[in-house]
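Visitor: I have a model open and would like to learn how to read it. Please take me through it feature by feature.

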Amino acid sequence: MAYKPLQFVIALAFVAAASAAVIVPSAPVLAKTVELEEYDPHPQYKYGYDVQDALSGDNKGHVEERDGDIVRGEYSLIDADGYKRTVSYVADPINGFNAVVRRDPLVAAAPVVAAAPIVKAAPVVAAAPVVKAAPVVAASYVAPAAYAVRNL
């Protein structure tokens, strides 16, 4: 009987040795060198675009400029209700972001014209003669005097 536990211990030793061989020590992690970007203490830029597409009706534009921490800009677009929306904005570290929105109609409103006075009165038309309608006969319904009750 001592033979069987010995086989079991040897089998476990082989399993432990096999699993130890599978474990590979991890390779050392190489340190990455990080290149720092150049810092601009006073960034400046200007850009703008304008889209005028007659085929699709797309009409919009945007201009913006930055001088240090102050950003100024304006953009516009045509809303679905026929108004042109223009947003002018300024952003700075003291006041934050401030925007002013204007909505202007694309088509100028037509001036209101006063109605011309009536010069001649309309002719009077005689009313048609009244025709008497035939008397209406009401339909009547008489309920039966008694119902027969039948037991089942």
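Visitor: Which strand do the 10 bridges join to β5 (residues 96–105)?
Guide: Start with the terms. Strands (E, at least two residues) and helices (H or I, at least four) are DSSP runs, numbered from the N terminus. Two strands pair if DSSP finds at least two bridges between them. Here β4 is joined to β5 by 10 bridges, and the two run antiparallel. Within that pairing, Lys-84 has Asp-104 of β5 as its bridge partner. Three residues make the hairpin connection from β4 to β5.

Visitor: What kind of model is this, and how are residues numbered?
Guide: It is a predicted model: local features need pLDDT of at least 70, side-chain atom pairs count only at pLDDT 80 or more, and totals for chains, interfaces and linings use all residues. Residues are numbered from 1 along each chain as its sequence is written, and side-chain values use heavy atoms, with hydrogens and water left out.

Visitor: How many helices and strands does the protein chain have?
Guide: One helix and five strands. Along the sequence the pattern reads α-β-β-β-β-β.

Visitor: How do β3 and β4 pair?
Guide: β3 (residues 70–78) and β4 (residues 83–92) are antiparallel, with eight bridges. To check the register, find Arg-72, whose bridge partner in β4 is Val-90. Ser-76 is another point to check, standing opposite Thr-86 in β4. The β3–β4 hairpin has four residues between its strands, and Gly-82 in the turn shows a positive phi of about 90 degrees.

Visitor: And how many bridges link β2 and β3?
Guide: Eight, again in the antiparallel sense, with β2 spanning residues 58–67. Arg-66 stands opposite Val-71 in β3. Gly-61 faces Ser-76 of β3 in the bridge pattern. Two residues separate the strands of this hairpin, and Gly-68 in the turn has a positive phi of about 75 degrees.

Visitor: What joins β1 to β2?
Guide: 10 bridges, with β1 (residues 44–53) running antiparallel to β2. Gln-52 stands opposite Asn-59 in β2. Their hairpin has four residues between the strands, and Gly-57 there takes a positive phi near 85 degrees.

Visitor: Now the rings. How many aromatic pairs are there?
Guide: The rule first: rings of Phe, Tyr and Trp (its six-membered ring) pair if their centres lie within 6.5 Å; planes under 30 degrees apart are stacked, over 60 edge-to-face, and the rest tilted. The count by this rule is three aromatic pairs. One of them is Tyr-75 with Tyr-89, tilted, at 6.5 Å centre to centre and 50 degrees between the planes. This pair links distant parts of the chain, since Tyr-75 is in β3 and Tyr-89 in β4, 14 residues apart. Ring pairs also bring in Phe-97, making a cluster with Tyr-75 and Tyr-89.

Visitor: Is Tyr-89 buried or exposed?
Guide: Use relative accessible area (1.4 Å probe, protein chains only): buried is under 20%, exposed over 50%, partly exposed in between. Tyr-89 is buried, at 9%. Tyr-75 is partly exposed, at 30%. Of the chain's 152 residues, 9% count as buried.

Visitor: Which salt bridges should I look at, and how many are found?
Guide: Side chains of opposite charge can pair when their charged atoms come close. The cut-off is a side-chain nitrogen of Lys or Arg within 4 Å of a carboxyl oxygen of Asp or Glu. The whole structure has five salt bridges. Asp-79 meets Arg-85 at 2.7 Å, N to O. Asp-79 also meets Arg-103, at 3.5 Å, N to O. That second pair links distant parts of the chain: Asp-79 is in the loop between β3 and β4, and Arg-103 is in β5, 24 residues apart. Asp-79 is buried at 13% relative accessibility, whereas Arg-85 is partly exposed at 30%. Asp-79, Asp-81, Arg-85 and Arg-103 are linked in a salt-bridge network.

Visitor: Which ring does Arg-103 lie over?
Guide: A charge sits over a ring if NZ of Lys or CZ of Arg is within 6 Å of the ring centre and within 35 degrees of the ring normal. Arg-103 lies over the face of Tyr-83, 4.6 Å from the ring centre. Arg-103 is partly exposed, with a relative accessible area of 42%.
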